[in-house]
Amino acid sequence: MSSTPEQETAYGVHFEAKAPTAPAAVNGRPVAAARRQAVWPGSPEPLGARFRVDAGGVAGTNFALWAGGAEAVEVCLFDDDGDGSGSGSGSGGQRETRCFLAELTHEIWHGFLPGVRPGQRYGYRVHGHWDPWTGARWNPAKLLLDPCARAVDGDFALPPEVYGHVRDWPQQHVADTVRDERDSAPYVPKGVVVADDDDWSDDRRPKTPWADTVIYELHVRGFTMRHPGVPERLRGTYAGLAHPAAVEHLTRLGITAVELLPVHQFAHEDHLLRRGLRNYWGYNSIGYFAPHAGYAATGTRGQQVGEFKRMVRALHAAGIEVILDVVYNHSAEGGELGPTLSLRGIDNRRYYRLADDPRRYADYTGCGNTLHVVQPNVLRLITDSLRYWVTEMGVDGFRFDLAAALARTMRAVDGPDMLSPFLAVIAQDPVLRRVKLIAEPWDVGSGGYQVGAFPPLWTEWNDRYRDAVRDFWRGALPDVRDLGYRLSGSSDLYAWGGRRPYASVNFVTAHDGFTLRDLVSYGRKHNEANGEGNRDGTDDNRSWNCGAEGPTDDPGVLALRRRQIRNLLTTLLLSTGVPMLVAGDEMGRTQGGNNNAYCQDGEVSWVDWSLLEDPGWRALAALAARLLALRRAHPVLRSRAFFSGRPRSADGLRDLAWFTPCGTEMTEADWYAPAATLGMYLSGGDIPRRGPDGGPVTDDSFLVVLHAGDRPIDVTLPGPPWAAAYELLVDTALEEQDAAPGARSAAGASISLAERSVAVWKVLPGRKTEKGDPSGGPGRKTE
């Protein structure tokens, strides 16, 4: 390959590796030489930049970076210089001082810099061979973010200078092989030295048992941006989420855990910035120890760390756990044509899975690259990060994005391995095995769908629950077999190896897809605002618009939509397993039919709190709180073990029974027959759990009837010995649930259910009677 003199002048291109020496000048500006910085040997442990005072009383910061294949490493310090004339390669008033780390221990470059204190901004330049054909992509012209930086100041703008290769090289098919030697320091954020000065002795973790957990998936920024009770200066921030007005909504609703969309420092993709958009969801991580600076109200020179910790404390004080949605499967650097921000420039061949052609990346994530978790240094990066967020930031658990990608071993093409190093390390770690672990149990590679396959300790997002419930309420299920399993904890998926019903995180909606309101308002996606020609986002929505696409003034359609939302919400919150709500679904939030709002940082995605001024949506929020209060008060609705389908108590009744609309128990033939109505009886006579003193736990019994038919139906309430009478608790045909509280009906009575509705009765017991052998059905524990 050859280049013209004009191209070399424009790009500063490089084809051969250089010796690892600091250049005298970059872009015509001299590198700092007059400003000297002493470098002591320091320690290889811990990784990152850690401020300390040594035995001799000298204060400074120890820098340690794993860069196994590098030839040299410089730590670069950046100070403010108001006139912009300071020496160094920085610009915009940034003065850079470079220091070689001369010590190398077990592939870790390290050094102690006396006098460097918290608040100091820094980055690394890593020297090595440039040979993309073998996967080597070292380029010391690119300032790299420390993978272990605990705070980040600034944002990625992604101009051409930030790319390790010449992004605009005329021959694009080989552009990634041409090294760009323009300095990236003026255009990239810097790591920040943070002090270890927090005391968690006053914090009390809620430690909510899995069976009692209710998850609320929210976006730190989107949840508070329009909240009228949060001061404007705090909206969109960690401090805003910690504000009493925000916390009060969560406690009033009955939430036990918030699952925060990614809060690791992330970057915006170039294709979004070019269209004037930003990455809103944050699934583009680049700093696995740093809370995203864009969500900080108090500052970005380390203040974001303290602000995040105060948010965690505030939520803990309200009895709410904090779960982080974490993205360790890929990084923001993308494929071979992506920017060089951190890992690519430190050791591309060890941090990423490379394809058979080492110029390319193995992509099991759909995001251009996949972290090589089998490599010890990468596995350490992830587990060190996880422990840090638990022990020093106070979080209570993690939801792992595309977790199946983390379970792939050296032969990744064979699919995920549930004995993989990542899962094995988590299982034996004394810190991590004690927190909540949630897998998104799939990736985009061959064999990546692993719902039901993760080992004990793990819970999983159960998309089979989502699909079955959506299909039932839109009238697309051929029978009710699958629904029965989903309502009772998905024993067909999780009753193995000691797993419990709470291994299933039940959800109908998530951040990725329609909101609950949009699910009943749109038959197809409407993602035009994303600028991708409506090609992005799934087409498999399993939605029904109730007779009109999108906004309508038809009162019949509007009433049906609200009833369908109540049906879906009631089904979710009374199912066995761990329910997950999405922020705003309880008040009718809409995204206008956008089912992939990852780049919509605005009113499309933000929770609209003004909806609570509408009596109908306010009633929906009240229903959600009512259902969660019912769940919280009754352990039979929060079973810690799978139902057996056999008599367990003195009254001889089965712990779980299924009924037809005629009030008779389901037979084998009934399970295979077309049906739109299902009755579920939950017995509280002898719940498979014990009280604090080891004694038995008993509860009320309940009958739940779900009717997805488009016509009213007469339902016969099961007679003795199942009940003497029934007390109606919930009827989704009613917008206001207090309209007919406590209506009682005799056992055996015929009750008319409205079309597309759910009714929930508390069982009023009669005399104890023996009952025959079980007839079986979904929900039984698989032997």
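**Figure 1. Charged side chains over tryptophan rings in the predicted model.** The charged end of R399 is placed over the ring of W461, at 3.9 Å from the ring centre. A second view shows K436, whose charged end sits over the ring of W210, 5.1 Å from its centre.

**Figure 2. The aromatic pair of F63 and Y122.** The structure contains 30 aromatic pairs. In the pair shown here, the ring centres of F63 and Y122 are 5.2 Å apart and the planes stand at 70 degrees; because this angle is over 60 degrees, the pair counts as edge-to-face. F63 belongs to strand β5 (residues 59-66) and Y122 to strand β10 (residues 121-127), so that the contact links distant parts of the chain, 59 residues apart. F63 is buried, its relative accessible area being 0%. Y122 is likewise buried, with a relative accessible area of 1%.

**Figure 3. The aromatic pair of F659 and W722.** The centres of these two rings, F659 and W722, lie 5.3 Å apart with their planes at 90 degrees, so the arrangement is edge-to-face. F659 is part of strand β26 (residues 656-659), whereas W722 lies in the loop between β31 (713-716) and β32 (725-731); the pair therefore ties together parts that are 63 residues apart in sequence. Both F659 and W722 are buried.

**Figure 4. An aromatic cluster.** One cluster is formed by Y238, F266, F289, Y295, F308, Y388 and W389. For residues 217-631, the UniProt record (an unreviewed entry) lists "domain: Glycosyl hydrolase family 13 catalytic". Over residues 217-631 the chain is 34% helix and 10% strand, and the C-alpha atoms at the two ends are 19 Å apart.

**Figure 5. The largest cavity.** The structure holds 10 cavities of 30 Å³ or more, and the largest cavity encloses about 160 Å³ of space. Its lining comprises 15 residues, of which H219, Y280, V582, R589 and S605 lie nearest the centre. The elements giving two or more residues to this lining are β16 (215-218) and α2 (220-224). By class, the lining of the largest cavity consists of eight nonpolar, five polar and two charged residues.

**Figure 6. The second largest cavity.** The volume of the second largest cavity is about 80 Å³. Its lining is made up of R470, W473, R474, L519, V520, R542, S543, W544, C546, Q564 and L568. Helices α11 (463-473) and α15 (555-574) each supply at least two of the lining residues. Six nonpolar, two polar and three charged residues are present in the lining of the second largest cavity.

Technical notes:
Residues are numbered from 1 along each chain as its sequence is written. Side-chain values use heavy atoms; hydrogens and water are left out. Rings of Phe, Tyr and Trp (its six-membered ring) pair if their centres lie within 6.5 Å; planes under 30 degrees apart count as stacked, over 60 as edge-to-face and the rest as tilted. Helices (H or I, at least four residues) and strands (E, at least two) are DSSP runs, numbered from the N terminus. Buried means under 20% relative accessible area, exposed over 50%, partly exposed in between (1.4 Å probe, protein chains only). A charge sits over a ring if NZ of Lys or CZ of Arg is within 6 Å of the ring centre and within 35 degrees of the ring normal. UniProt positions are given in the numbering used here, feature names are shortened, and annotations may be inferred rather than shown by experiment. On a 1 Å grid over the protein atoms alone, a cavity is a set of points where a 1.4 Å probe fits but cannot get out, and a pocket is an open set with protein on both sides within 12 Å along at least five of seven lines; lining residues have an atom within 4 Å of a point. Grid points are joined across faces, edges and corners, and a volume is the space filled by probe spheres set on the points. Ala, Val, Leu, Ile, Met, Phe, Trp, Tyr, Cys and Pro count as nonpolar, Asp, Glu, Lys and Arg as charged, and the others, Gly among them, as polar.
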